[in-house]
Amino acid sequence: MEKVELLAPAGSKDSLMAGLMAGADAFYIGGSKFGARAYASNPTDEELIELINLVHIYDKKIYLTLNTLVKNSEIEEVIQFIKPFYENGIDALIIQDLGILELVQKVYPDLPIHASTQMSITSSYGASKLKELGATRIVPARELSLEEIKEIREKVDIELECFIHGAMCYAFSGQCLFSSLLGGRSGNRGRCAQPCRLPYGINAGEKNDYLSMKDLNTLDIIPELLEAGIISFKIEGRMKSPDYVYQVVSVYRK
């Protein structure tokens, strides 16, 4: 069996350090732009380069989240944004936008690309197409069952990275318009205000948490996750505290 990667969230430098101390194998982190967590304590470009070098000293990996939709007017900006991290050895990009995936392939052909869960890959056909387009790893849609994930792995020779712990989005694969409809803050542009966490009432009745989902917890099915062929166990939580990151990573490491 291949070694399984324990992938920790790094919403800040402190969170990355917490995950490092707890035994994570790799980290996913947003930069100053184009990440799905614009309100995390994301590092500056210079700080991110320092973190890339730090993580590599410990023989760990670090992935940059470039998982928002990009506008035509931002194409040149996003390509230039990637350049210093590419030059300093970022291990992969996590991408949602198919156009950006194609551009990165042309400009930085040896840079591994991971297809974000927000690409909504729900079948072996989707996984096969992403492999054809150059992705080295996919993060399947979060709403898939373990059996469906296993079927993808059996039919397509591509790395699978799956969320194993943390908050769940009410929408399919995080493609929610609720936040932008209510307050003009789009989750697909990294600015979700999490309106699903608020209580709502029906016909002026008693308010309740109708849309707020319980967190994911897969500690009891780790053997089944391994059997399914998942190569990277991903912990959600770039908006969580360093203490949270340390505790969760520690438990799964044990």
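Visitor: Let's start with Asn203: is this residue buried or exposed?

Guide: Compare the relative accessible area with the cut-off: exposed means over 50%. Asn203 has a relative accessible area of 77%, so this residue is exposed. Keep in mind that we're reading a predicted model.

Visitor: And where is Asn203 placed?

Guide: Look for the elements on either side. Asn203 belongs to the loop between helix H7 (178-183) and strand E8 (216-217).

Visitor: What about the backbone there: is the phi of Asn203 positive or negative?

Guide: The general idea first: most residues other than glycine have a negative phi. Asn203 isn't a glycine, yet its phi is positive, at about 55°. Go on to Ala204, and you find a positive phi of about 60°, again without being a glycine. Ala204 also lies in the loop between H7 and E8.

Visitor: Why does Ala204 count as exposed?

Guide: Use that cut-off again, over 50%. Ala204 has a relative accessible area of 86%, so it's exposed.

Visitor: Now a lysine. Is Lys234 buried or exposed?

Guide: Here the other cut-off matters: buried means under 20%. Lys234 comes in at 5%, so it counts as buried. You'll find Lys234 in strand E9, which covers residues 232-235.

Visitor: Which side chain makes a polar contact with the side chain of Lys234?

Guide: That would be Glu161: the two side chains make a polar contact at 3.0 Å. To fill in the surroundings, skip the neighbours within four places in sequence and list what's left. Lys234 is then in contact with Glu161, Cys162, Phe163, Ile164 and His165, as well as Leu7, Tyr28, Ile94 and Val139.

Visitor: How does Lys60 read, and where is it placed?

Guide: Lys60 is in the loop between helix H2 (45-57) and strand E3 (61-66). Its relative accessibility is 21%, so Lys60 counts as partly exposed. The side chain of Lys60 reaches the backbone oxygen of Ala24 at 3.5 Å. Residues up to four places away aside, Lys60 touches Leu20, Ala24, Asp25, Phe27, Val55 and Asp91.

Visitor: How many residues separate Lys60 and Cys176 in sequence, and how far apart are they in space?

Guide: Treat those as two separate readings. Lys60 and Cys176 are 116 residues apart in sequence and 33 Å apart in space, C-alpha to C-alpha. For another pair, take Ile79 and Ile100: 21 residues apart in sequence, with 8.4 Å between their C-alpha atoms.

Visitor: Which residues does Ile79 touch?

Guide: Not counting residues up to four places away in sequence, Ile79 touches Leu103, Val107 and Tyr108. Ile79 is in helix H3, residues 75-87, and is buried, with a relative accessible area of 8%.

Visitor: Zooming out, how many helices and strands does the chain have?

Guide: There are 9 helices and 9 strands in the protein chain. For overall packing, set the radius of gyration against the globule rule. The chain's radius is 18 Å, close to the 18 Å the rule gives for 254 residues, so it is as compact as a globular protein of that length. Buried residues make up 46% of those 254.

Visitor: What share of contacts joins residues at least 24 apart?

Guide: Start from contacts between residues at least 6 apart in sequence; 64% of them join residues at least 24 apart.

Visitor: And how many positive and negative side chains are there?

Guide: Count each set, then compare their centres. The chain has 27 positive and 34 negative side chains, and the two centres lie 3 Å apart.

Key. Residues numbered from 1 in each chain as written. Predicted model: local features only at pLDDT ≥ 70, side-chain atom pairs only at ≥ 80, totals over all residues. Heavy atoms only, no water. Helix = DSSP H or I, 4+ residues; strand = E, 2+ residues; numbered from the N terminus. Buried < 20%, exposed > 50% of the residue type's maximum accessible area, 1.4 Å probe, protein only. Polar contact = N/O pair within 3.5 Å; in protein donor to acceptor, adjacent residues only side chain to side chain. Contact = heavy atoms within 4.5 Å. Rg over C-alpha atoms; globule rule 2.2 N^0.38 Å. Lys, Arg positive; Asp, Glu negative; His and termini not counted. Charge placed at Lys NZ, Arg CZ, Asp CG, Glu CD.
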